[in-house]
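Visitor: Could you take me through one part of this structure, the active site that the UniProt record points to? I'd like a close look, in plain words.

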Amino acid sequence: MTSPSTSLSLVDTDPAELAVDAIVIGLHSQTVQDVGPAADFAGTLLLATGAESIAAAFDGRLTETLALLGATGSPGEVIKLATLGTITAPLVAAVGLGPEPTGAAPAPETLRRAAAAAVRALAGAERVALTLPVPDDEDGPAALRATAEGALLGAYRFAGYKTRPQPTRRPPVAAIAVHVPDAGDDRARAEITRAGVVARAVARTRDWVNTAPNELRPPSFADSVAAAAREAGLGVEVLDEQALADGGYGGILAVGLGSEAPPRLVKLSYDPAAAGADGSVKRLALVGKGITFDTGGVSIKPAQGMWEMKSDMAGAAAVAATMLAIAELKPAVAVTGYLPMAENMPSATAYRPGDVVTMFNGKRVEVLNTDAEGRMVLGDAMARACADGCDYLVETSTLTGGQVVALGKRVAGVMGSTELCQRVQQAGDAAGEPAWPMPLPDDVRKGMDSEVADISQVNATMDRAGHMLQGGVFLREFVADEVPWAHIDIAGPSYHAGEPTGYWTKGGTGVPVRTLLELVDDIAAND
Ligand code: BES
Ligand code: MN
Ligand code: ZN
């Protein structure tokens, strides 16, 4: 179901003479106090750097024309204008960048969102050039990366299941050229290559998340991941239900019991050819929750909105896609991905509240709510990652509704070892995927003491309080003592139910692929 891929290139020739279907320029808003009388709308607009030659071709009347068309320069706004022969391209699209930042280029995230909004608004055009403000200094590479990523992510579209083509939905832009000072610059070319790899990884994650849950059950999800990984040259190991039983993966098996489609654990590995700076190579384990559908099981969820639980494998999809990107980017870090997959269904064979489950690391868990299935499959996968050996363990999952209540739909929660959590947060900030650290309080763990087993699956004394923290506290039990670890709860940010905005299309967002890739770069550079 992969959507058609959009191509990406660099140009450095005069934008006014580019033979493309549309040119995107940036437009800043200015406050009325800065410019005088409110009636002078053109005076409240300011063309961004990069639009100079196009403005000249319009005889200096471009801002005036944009004002007539209602432009305000606010973020997300796209105003299109037929050029009627003034420049080579038949169409100019002015995308809002908000107020001009004093003395600096716009933030990378501003460019990422603007490029996406413009490219989405230009659906139907085949070739589009972007002349957004990419500075010719040390901020240039980050601005270029953000612009290129945003443009490609804005062009993403899920193929879907409609039996007829939709005449009102124009096809996404096929080719994007980003205008830079020097198209031959090695750093610029490297950024554009990386942006293509990253955008493909995000698109793959979105495709897997958006796939209907009847089409993506654990065996077919495992097959789909394994096929892509083999093609990319990654090491692939798939544990089926028999191998899981032989290996003692009680958590994954328990959740899988309720479904006719049996569970899987997929392991993907990448080993760098070259060693790191000091000759040694760090080992990073990535674990992603792969519940292909979460009904809640016997502790069943309400019907309203349950369809969104097709996205409960967003963590596994993100880890799989990150591994595919790593196979192309070839960082000097050994990375292993672990994807526990199961379908959480209520049935006569399903696991039940009160069950005691022996996990991969031997700990016994008292099940209290079958809807807390994520931590059951993750506990096994994280313990396996530690048994294999790793220097860092990063796990990501649509783990709790509590994450959405606490931090909303944009900001992920991060729990675990303080220093690694900080690095995850910094990686997220650089990538435009915000995350915020959350605590693992002792009293939350205390309430998870079980009468009969080593630990309860949830804190029965706390009811719905601190659900996100309970998830983190539980998962800590499955990390080897000496291993720095981070748990990223992406219940909110991994799925966008609203209308498209910025580079977020409807459905899967691809969070936290860009964070994970940024973190890999950080580990490769700094250990
Ligand atoms: N997959 C859900 C969490 C979720 C909720 C993801 C909303 C995305 C959006 C998870 O398996 C779940 O059901 N969590 C429960 C845990 C509870 C039973 C301890 C929750 O958050 O209510
Ligand atoms: Mn659940
Ligand atoms: Zn779930």
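Guide: Sure! One definition to begin with: a residue is called buried when its relative accessible area is under 20%. Keep in mind that this is a predicted model.

The UniProt entry, which is unreviewed, puts the feature "active site" at two residues, Lys-301 and Arg-375. Let's start with Arg-375, which is part of helix α11, the stretch covering residues 374-388. Arg-375 has a relative accessibility of 5%, so Arg-375 counts as buried. And who are its contacts? Skipping neighbours within four places in sequence, Arg-375 touches Met-359, Leu-399, Thr-400, Gln-457, Val-458, Gln-470, Gly-471, Phe-474 and Leu-475.

Now hop over to Lys-301, the other residue in the record's "active site". Lys-301 sits in a loop, with β11 (290-294) on one side and α10 (314-329) on the other. Again leaving out neighbours within four places in sequence, Lys-301 is in contact with Asp-294, Thr-295, Gly-296, Met-306, Met-309 and Asp-371.

While you're looking at this structure, check the cysteines too. Searching the whole structure turns up 0 disulfides. Cys-386 isn't in one, and the nearest cysteine sulfur to it belongs to Cys-390, 4.7 Å away. A disulfide needs two cysteine sulfur atoms within 2.5 Å, so that pair doesn't qualify. Cys-386 is buried, because its relative accessibility is 14%. Cys-421 is in no disulfide either, with the sulfur of Cys-386 as its nearest cysteine sulfur at 15 Å. Cys-421 has a relative accessibility of 7%, so Cys-421 is buried as well.

Note on methods. Residues are numbered from 1 along each chain as its sequence is written. Chains are lettered from A and ligands numbered from 1 in the order in which they are written. This is a predicted model: local features need pLDDT of at least 70, side-chain atom pairs count only at pLDDT 80 or more; totals for chains, interfaces and linings use all residues. Side-chain values use heavy atoms; hydrogens and water are left out. UniProt positions are given in the numbering used here, feature names are shortened, and annotations may be inferred rather than shown by experiment. Helices (H or I, at least four residues) and strands (E, at least two) are DSSP runs, numbered from the N terminus. Contact means heavy atoms within 4.5 Å. Buried means under 20% relative accessible area, exposed over 50%, partly exposed in between (1.4 Å probe, protein chains only).
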